[in-house]
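Reader: I'm new to this one and could use a guided tour. Could you take me through one part closely, then work outwards from there?

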Amino acid sequence: MYQKPSIIKIDYTNTQKSGAFGNPLKTQKVRSEIDGVLVEELIKQYGSPLFVFSQNSIEEKYQEFKQAFTSRYPEVEFWWSYKTNYLDAICQIYHDLGSKAEVVSAFEYDKARRLGMPGKDIIFNGPYKPKEALKKAVQEGAKIHIDHWYEINDLESIADELGIEIPVAIRCNMNTGIYPQWSRFGFNIDNGEAYDAIERIYEGKKLYITGLHAHIGTFMLSAHAYAEETKKLIQLKNRISADFGYEVEYIDIGGGFASKNRLKGIYQPPEVVVPSPDEYAEAVTGAIFEYNEGNLPKLFLETGRALIDEAGYLLTSVFASKRLLDGKKSYIVDAGVNLLYTAFWYNFDIALDKRYEGLNEPSQINGPLCMNIDTIAENIMLPPLPRGSILSIWPVGAYNVTQSMQFIQYRPRVVLIDKEGSTHLIREADDLEYVREKEIPLK
Ligand SMILES: *Cc1c(COP(=O)(O)O)cnc(C)c1O
């Protein structure tokens, strides 16, 4: 096919990670296999686009975090954050590893129960817990983390209905030195609201406090913020133990640890800016040991993103290319932002399935949606790629599957590569039947 030749100014600052060491016109990032399985074979067998998860990476990362915390602290529990990725197969791996379930809606609660998690192994978080769902969770012994004053009232009336006293935790928020400060979930510690809520619970005599919880943000690049958070939770624990005699069994520091993804606008590589599991663990456990009075509480973690992000890939195939007005090359691929919600924040690591002939040039990658926002990479150096070339986009394991939407295109299949290198289909692609199923046509 004829393409009008054009002269393009090459921006040498626009190089990939490895580009700085080689000729940016020739450096190609190639990832031909995932856990020993050829990318090309995966696409041949399951079609394109395709989400791919590595069980090896999931387990290694989990062990890394577990080791970092348990080597420093006697009692640590991991609670898998369902919304980060709630495919049954993925949750099952975490549960088999010993992680319990953290859910933020009635739907997620039911999904965890259906997977066999008993109520006592589920933390029920979130600002919206309809009374019926809340009551069921109480009856099944779930750990309820109260978000607001209305929920205190709801729980007290449930306590009356059931004729029991209900163990609860409250969610707290606070200034940890990071911006923006999340203040819309839970009760503020700094202005005394959290203390007031606990006093109110104490005086009501229908609920009692067994835990304190906070979740201070997501993709938190500051380990120090966790030291601040933990300090404030522990100081509150000490105070309510002295004032009300509460034996707080656990403090739950939430999730939010960063993954090795590259945030837009941050120019240092993730290896430099993302704290290690040891750094996070040192910050948290150091603060407990420094400030705790009385019995050591259990330490709960609700880590999501940092555990799963790097275990997930999205494979996509080149469908066509064109030359944009400014001379940049644009590739149309078969996966769009409807599958990659996180494309708005991250500059992904994008690799080719093999080496291609030709020199790199500045390119952009667009998805299949007929929407101007459907851009997966704005500025990436790529050699000329023919139709059918496969790109693997990484890391995409956190949030993208749960937030992907059926919009213009169907959502694709998801496969898992197990520890023996065998692949398993863990979610079928959408089809017309699936999309139509809940519709009700006018007669
Ligand atoms: C989303 C969420 C998490 C998990 O956060 P990550 O950033 O994925 O680690 C944990 N706890 C609560 C309450 C959440 O809402």
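Let's start with the largest cavity. How many residues of its lining are nonpolar, how many polar and how many charged?

Author: Happy to. This is a predicted model, where local features need a pLDDT of at least 70 and side-chain atom pairs 80 or more, while totals for chains, interfaces and linings use all residues. Residues are numbered from 1 along each chain as its sequence is written, and side-chain values use heavy atoms, with hydrogens and water left out.

The lining of the largest cavity has six nonpolar, two polar and three charged residues (nonpolar: Ala, Val, Leu, Ile, Met, Phe, Trp, Tyr, Cys and Pro; charged: Asp, Glu, Lys and Arg; polar: the others, Gly among them). On the lining list you'll find Lys 61 and Phe 65, then Ala 258, Ser 259 and Lys 260, a run from Val 274 through Pro 275 and Ser 276 to Pro 277, and finally Ala 306 and Glu 310. They surround a volume of about 70 Å³. (A cavity is a set of points on a 1 Å grid over the protein atoms alone where a 1.4 Å probe fits but cannot get out, and lining residues have an atom within 4 Å of a point; points join across faces, edges and corners, and the volume is the space filled by probe spheres set on them.)

That's one of five cavities of 30 Å³ or more in the structure. The second largest cavity comes in at about 50 Å³. Its lining is made up of Cys 172, Asn 173, Met 174, Thr 176, Ile 178, Gln 181, Trp 182, His 215 and Ile 216. By class, that gives five nonpolar and four polar residues, with no charged ones.

Now look at Pro 180, which sits in the loop between β8 and β9. The peptide bond leading into Pro 180 from Tyr 179 is cis, and its omega is near -5°. There's another cis bond from Trp 394 to Pro 395, with omega near -10°; Pro 395 belongs to the loop between β18 (390–394) and α12 (400–403). (Helices, H or I with at least four residues, and strands, E with at least two, are DSSP runs numbered from the N terminus.)

From β8, move on to α6. Its buried residues are Glu 151, Ile 152, Leu 155, Glu 156, Ile 158 and Ala 159 (buried is under 20% relative accessible area, exposed over 50%, partly exposed in between, with a 1.4 Å probe and protein chains only). They pack against α5 (131–139), β7 (143–146), β8 (166–173), β9 (187–188), α7 (193–204) and β10 (207–214), where contact means heavy atoms within 4.5 Å. Right after α6 comes Gly 163, with a positive phi near 65°.

Positive phi turns up outside glycine too. Phe 219, in the loop between β10 and α8 (223–244), has phi near 55°. Phe 219 counts as buried because its relative accessibility is 10%. Asp 35 has a positive phi as well, near 50°, and lies in the loop between β1 (33–34) and β2 (37–38). With 32% relative accessible area, Asp 35 is partly exposed.

One last stop: Leu 50, part of strand β3 (residues 50–54). Leu 50 is at 0% relative accessibility, so it counts as buried. Leaving out residues up to four places away in sequence, Leu 50 touches Leu 42, Ile 43, Tyr 313, Leu 314, Leu 315, Pro 412, Arg 413, Val 414 and Val 415. Leu 50 and Val 415 are 365 residues apart in sequence, yet their C-alpha atoms are 7.5 Å apart in space.

Definitions and conventions. On a 1 Å grid over the protein atoms alone, a cavity is a set of points where a 1.4 Å probe fits but cannot get out, and a pocket is an open set with protein on both sides within 12 Å along at least five of seven lines; lining residues have an atom within 4 Å of a point.
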